[in-house]
Amino acid sequence: MIEIKDLHYEYENKEALKGIDLTVPDGEFLVILGHNGSGKSTLAKHINGLLLPTAGRVIVNGLDSQKPEEFWPLRQQVGMVFQNPDNQLIATSVEEDTAFGPENLGVEPALIRRQVDEALAGVGMREYKDRAVHLLSGGQKQRVAIAGVMAMRPKVLVLDEPTAMLDPRGRREVMTAVQKLNKEDKITVIYITHMMEEAVAADRIVVMEEGKIVMTGNPQEVFNQVEELKELRLDVPMAVEMAHRLRQQGFALPLSVLTIEELVVALCR
Amino acid sequence: MPIVLQNLSYTYQPGTPYESPALHDVNLTIKSGQFVGLIGHTGSGKSTLIQHCNGLLFPMTGQVTVDDMAILPKSKELKEIRRKVGLVFQYPEHQLFEETVALDIAFGPKTLGLDQDEIQRRVRWAMKMVDLDYEKFKELSPFGLSGGEKRRVAIAGVLAMQPKYLILDEPCAGLDPKGREEILYQLKRLNEKGLAIILVSHSMDDVARLAQRLVVIDQGRIVYDDSVRQVFGKAKELAAMGLDVPEVMKLMMQLKEKGLAVHQDVLTIEEGQDEILRVLSHA
């Protein structure tokens, strides 16, 4: 469980986080939305101690990021993946890159072998293990970046716009891999995105604005506040927007419509 | 007068074990004033192609001309070509470096040997084009701005060269939906003022809304070059190339599969809404 209590963060005399309270239970798929500069990434970096609170607490599975003796164990529990896969890959082959983390943790070689194989299998990249990293597609690179994090066996995976630079196939590959890690391996996922279609997969969505959480709920609850989201410089998935427009034209469509498939079912009844 | 790419081929690191062909016999003409979308998966050759349009790369075989000036390594016209063809890279805000917004935007025009008045006029104009208030932003450090604002400063820096063609590589990547809207709106406005635009994007929705013409590149070859509606009609073929169609078109395709007599070739949510209303109100 992740417990964030009255978290404040200041830098250069600006208050980037203004009192965040958030509890994320084990195994949750949490999406964070918010416009550029709303504080999403600052919040994400607190979860594995890349940033430390100015005030308040961040506790992951009982480990407090501000206690020196708990800092490194905490960091091992929370893996982070960023936007640009090219900035996150360091070795020449897929397998070597994935092994970099566990090697540095001093894991014994036989175990590294197993962790690397499992991590690559988890993102569907095992058959690419001998490939050169620089020859992979964007979606493949990003999955290797995720595998590199997973090889350290974290409990929580924090992804900060992992699909922003990818083509449509790459976006699907990464999203599928992340959903699989969440559903099958019970990894807690915190996923930051500007792509509303991806947010539909969440158990819960948190919307940030000016360093605060301003909206929280499941995708249906959040996305049906179409006007409020647009005021926050955000958007809704196409299917929600279309359903919203058709409702205004007198169609009785259920508020549960979030995806194209659901809208098709509702319209073809 | 256009940008013309004729029988263009390019191979990275030829004659080494790392040899990799990037473009193969590409023929493409971009006329002035056009709005062209360029799509293709990562590694398909898009970036190599656009770098040929302003002489960052020189053709290995074939030729590239900009308004009848050939792009050749020793051409005296290269400077003029690079001024005419503005290139905005991915994450252009990483290239900001000056102390103030106005100085950063003025950097390009200064290299053209223009007088102070003309430079200032261009800075004001470029900032207006990207909706940055001159008085409010001119003295600010570009590094203190938001992501979307930084990116607009970077684009203004290219616009201040007053190019005739503007090529942008994923100008909306990483921006929030509103920031994305703002950039796209500004591109539309620039195009209406006569600037030719080539938009490289992974967002099918964005190119569907803005481009008149869509060029699809796959494994270094141009596979489609047609109106946006025609190209997005090839949903299966695009999917096989790792691409996609706009979200609203997916909706229409699925409605049609369920037996609803909707036209599938809609590009925007407004068109889709009208089409659903048309069909369902007759039902």
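## Touring a predicted two-chain model

Guide: Let's start on the outside, keeping in mind that this is a predicted model. Chain A shows about 11,600 Å² of accessible surface, and carbon and sulfur atoms account for 49% of that area.

Visitor: How many helices and strands does chain A have?

Guide: Both kinds of element turn up in this chain. The count for chain A is 11 helices and 10 strands.

Visitor: Is chain A as compact as a globular protein of its length, or not, and what is its radius of gyration?

Guide: For 269 residues, the globule rule gives 18 Å. The value for chain A is close to that, so the chain is as compact as a globular protein of that length. Its radius of gyration is 19 Å.

Visitor: What share of the residues in chain A is buried?

Guide: A residue goes into the buried group when its relative accessible area is under 20%. Out of the 269 residues in chain A, the buried ones make up 57%.

Visitor: Over to chain B: what radius of gyration would a compact globule with 283 residues have, and what does chain B have?

Guide: A compact globule with 283 residues would come out near 19 Å. The value for chain B agrees with that. Chain B has a radius of gyration of 20 Å.

Visitor: Among contacts in chain B between residues at least 6 apart in sequence, what percentage join residues at least 24 apart?

Guide: Start with the contacts whose partners sit at least 6 apart in the sequence of chain B. Then keep those whose partners are at least 24 apart, and you are left with 60%.

Visitor: Which helix of chain B gives the most to the largest nonpolar core?

Guide: In soluble globular proteins, nonpolar side chains tend to be buried together. Here the largest nonpolar core holds 54 residues, and Leu187(B) and Phe232(B) are among the members that touch the most others. The top contributor to this core gives 6 residues and spans residues 147–159: helix α6 of chain B.

Visitor: Leaving out residues up to four places away in sequence, which residues does Leu187(B) touch?

Guide: Leu187(B) is one of the core members with the most contacts to other members. Setting aside residues up to four places away, its partners are Phe35(B), Leu166(B), Leu168(B), Pro171(B), Ile197(B) and Leu199(B).

Visitor: How many residues are in the second, separate core?

Guide: This core includes Val31(A), Val144(A), Met175(A) and Met215(A). Its size is 51 residues.

Visitor: Is Glu161(A) buried or exposed?

Guide: Glu161(A) sits in the loop between β7 and α6 of chain A. The cut-off for buried is under 20% relative accessible area. Glu161(A) has 8%, so it counts as buried.

Visitor: Beyond its neighbours within four places in sequence, which residue of chain B is in contact with Glu161(A)?

Guide: In chain A, the contacts of Glu161(A) are Gln83(A), Ile192(A), Thr193(A) and His194(A). The list also has a partner across in chain B, and that is Gly174(B).

Visitor: What about Val214(A): is it buried, partly exposed or exposed?

Guide: Val214(A) belongs to strand β10 of chain A. Its relative accessible area is 42%. Buried means under 20% and exposed means over 50%, so Val214(A) is partly exposed.

Visitor: How far apart are the C-alpha atoms of Val214(A) and Lys67(A)?

Guide: Along the chain, these two are 147 residues apart. In space, their C-alpha atoms are separated by 29 Å.

Note on methods
Residues are numbered from 1 along each chain as its sequence is written. Chains are lettered from A and ligands numbered from 1 in the order in which they are written. This is a predicted model: local features need pLDDT of at least 70, side-chain atom pairs count only at pLDDT 80 or more; totals for chains, interfaces and linings use all residues. Side-chain values use heavy atoms; hydrogens and water are left out. The radius of gyration is taken over C-alpha atoms; the globule rule is 2.2 Å times the number of residues to the power 0.38. Contact means heavy atoms within 4.5 Å. Helices (H or I, at least four residues) and strands (E, at least two) are DSSP runs, numbered from the N terminus. Buried means under 20% relative accessible area, exposed over 50%, partly exposed in between (1.4 Å probe, protein chains only). Accessible areas come from the Shrake-Rupley method with a 1.4 Å probe; for residues, only the protein chains shown count as cover. A nonpolar core is a set of buried Ala, Val, Leu, Ile, Met, Phe, Trp, Tyr and Cys residues joined through side-chain atoms within 4.5 Å.
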